[in-house]
Number of protein chains: 2
Amino acid sequence: MSIRLTKMAENREKLIAAARKAFAQQGYAAASMDNLTAEAGLTRGALYHNFGDKRGLLAAVVDQIDSEMADYAKSVGAKAGNAWQALLAEGAAYIEKALDPEVQRIVLLDGPAVLGDPSQWPSQNRCLQSTKATLEQLMANGIVKAVDPEAAAMLLNGAALNAALWLASSANPQAMLPKTLEAFNLLASGFLVKG
Amino acid sequence: MSIRLTKMAENREKLIAAARKAFAQQGYAAASMDNLTAEAGLTRGALYHNFGDKRGLLAAVVDQIDSEMADYAKSVGAKAGNAWQALLAEGAAYIEKALDPEVQRIVLLDGPAVLGDPSQWPSQNRCLQSTKATLEQLMANGIVKAVDPEAAAMLLNGAALNAALWLASSANPQAMLPKTLEAFNLLASGFLVKG
DNA sequence: GGTTTAACATACGAGGCGTATGTAGAATAT
DNA sequence: ATATTCTACATACGCCTCGTATGTTAAACC
C-alpha cells in the first residue's frame, strides 16, 4: 500500500479512537470536534475530509463497536451445544456487552437519535441477519414455530438491548442480571414448538 | 386561580405545543428555541423561566406524549375479555401508537438520548407499573409463570416499542404489522404456564 | 525533476444556547 | 386606594460549535 493511504488509514483510526472516547464520556452532542481532533494530534480538517461531518464520524464509531458486538455474540453462540442454546447464548451476550457504558451511550442512546433506527445500520443488519438465520434453521428443524423470521429476530434483539439499558440504570445491575436473563429465556421460549 | 397563574399555565401549554411540533418535525438537536418560542408568540425568556433549559422543555413534551400513550393503552386493555388478552392488547396498542412519527422521533429516539433510559421517566414508570401489575395478577392466578415481574414488564414494553421503530423504517409497515403482532403475541406466550 | 493531486491545516462566518440584566403588570399590605 | 414588592417574561450579551472556503505541504506520477 502507498505511504499516503497507510498514513490516512492510521489517521482515520486515531480519529475514531478519540471520537469513541469523547462520545462515550461526554455524549455525542456535548463532544467538541475541536477537542477530540486535537487529542488525536490532528485538526477538524482531517475529520471533515475523512468522514464528511460529525454524523459520519459517529457512524464510523458505531460501526466499529457494533461489529465487535456481533463478533463476540457469534463466538459465544458457536460454543453452545445446539442451535436453540446458541440463540439464547447470543441474546445473553448482547445483554452482557450492552451493559458497557460506552456501548450504552454510543450505540443505544446517541446512535438511534442521530443515525436513525438501528435495523437500518449495516452492522446491525448483520446481527439481525445472524439471528434471523439461526431462527430459520430452528424453524426448518421443527424446533421453533413458523413466524416471520425477521420480525422474530428483531423482537429478540430489541428485547435484549432494551434489557441492558434497563439493567444499567437499575439500582444493582449485577444482582438483577440472573433474573433478567431468566425472564429473557422464558420470553424467547414462546417461539418454541414444545414449551 | 389567580390571573397570573392561569396566564402562566396557558403560556406553558403554548410552549409545549410549539416544542412538540418543532421537535417532531426537525428533531431535538435541530430545533431552534428562538424559532419555536416565536411561533408560540413568546421569547426564550419565557422558556427558560418555565422549563429551566432545553432539556426541561423536552422532558415536559415527552411526559405529555407518554401520558397520552399510557392512557390509550389502559383504555384498550380495559376492553379486553380477560387479563391475558388485556396484556396483549396493551402491547399492540403501544406498537400502534409508536408508529406515529411524532412519537418515534420524540419519545423513542431523542428522548432516551437526551433524558436517559426511559424506565427512569415518571410517565414511563407508570406504563411499566401498569404492565407489571397486570403480570403480577396473572401470576397470582397461575396463568403466568413466576418470574421477576418488573423485568418481564420491561422486556414486553421494550420489545413493543422496538418493534414499532423497526416497523416504521420497514418498506411497508402496514403489511408487516399483522405478522409483527403475531410474533409479539407468540413471544409473550413464553410467559404462559400452558402454551 | 517538474507538475499534479490530495490530505490536511487555517481562517471565516453564521447560528444557537445559557445567563445577566431590564421591565411591566399582577399581588399584597397598609 | 395607593404604594411597594414580586415575578413572569423580554432584551442584550458572550461564548462556543459546526460547516465551508481557502491555503499549504508532501506524496505520486510522468
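Okay, to kick off: which residues does A:Leu155 touch, not counting residues up to four places away in sequence? B:Ala159, B:Ala163, B:Thr180, B:Ala183, B:Phe184 and B:Leu187, where touching, or contact, means heavy atoms within 4.5 Å.

Quick housekeeping. This is a predicted model, where local features need pLDDT of at least 70, side-chain atom pairs count only at pLDDT 80 or more, and totals for chains, interfaces and linings use all residues. Residues are numbered from 1 along each chain as its sequence is written, chains are lettered from A and ligands numbered from 1 in the order in which they are written, and side-chain values use heavy atoms, with hydrogens and water left out.

So, chain A. We've got 9 helices and 0 strands; these are DSSP runs numbered from the N terminus, with helices being H or I of at least four residues and strands being E of at least two. The C-alpha atoms fill a box of roughly 60 × 45 × 25 Å along the principal axes. Of the 195 residues in chain A, 52% count as buried, meaning under 20% relative accessible area, with exposed being over 50% and partly exposed in between (1.4 Å probe, protein chains only). And if you take the contacts in chain A with a separation of 6 or more, 68% come from residues 24 or more positions apart.

Now the pair. Lay chain A on chain B and you get an RMSD of 0.0 Å, with a turn of 180° and a shift of 0.0 Å along the axis. That's the relation of a two-fold axis. The fit is least squares on the C-alpha atoms of residues with pLDDT of at least 70 in both copies. In chain A, the residue that comes closest to the rotation axis is A:Gly190, with its C-alpha at 1.7 Å. Both copies use the same surface: 100% of the contact residues of chain A recur in chain B.

The contact takes 37 residues from each of chain A and chain B. About 3,100 Å² is buried between them, and carbon and sulfur atoms give 70% of that. Buried area here is the accessible area (1.4 Å probe) that two parts lose on being put together, summed over both. A:Leu155, A:Trp166 and A:Leu187 supply 21% of what chain A buries against chain B, more than any other three residues.

Back to A:Leu155, then: this leucine sits in helix 8 (residues 149–168) of chain A, and counts as buried because its relative accessibility is 0%.

A:Ser119 is another one to look at, in the loop between helix 6 (101–115) and helix 7 (122–140) of chain A. Its relative accessible area is 11%, so A:Ser119 is buried. Its contacts, leaving out residues up to four places away in sequence, include B:Trp166 and B:Ser169 from the other chain.

Last topic, DNA strand D. There are 19 residues around the strand, the closest being A:Arg44, A:Tyr48, B:Arg4, B:Asn11 and B:Thr43; near means a heavy atom within 4 Å. Helix 3 of chain B gives the largest share of that surface, 5 residues. Of the strand D atoms within 4 Å of the protein, 74% belong to sugar or phosphate. For phosphate oxygens, a polar side-chain atom of A:Tyr48 lies 2.4 Å from one, and a polar side-chain atom of B:His49 lies 2.9 Å from one.

Conventions: A polar contact is a pair of N or O atoms within 3.5 Å; within protein, one must be able to donate a hydrogen and the other to accept it, and residues adjacent in sequence count only if both atoms are side-chain atoms.
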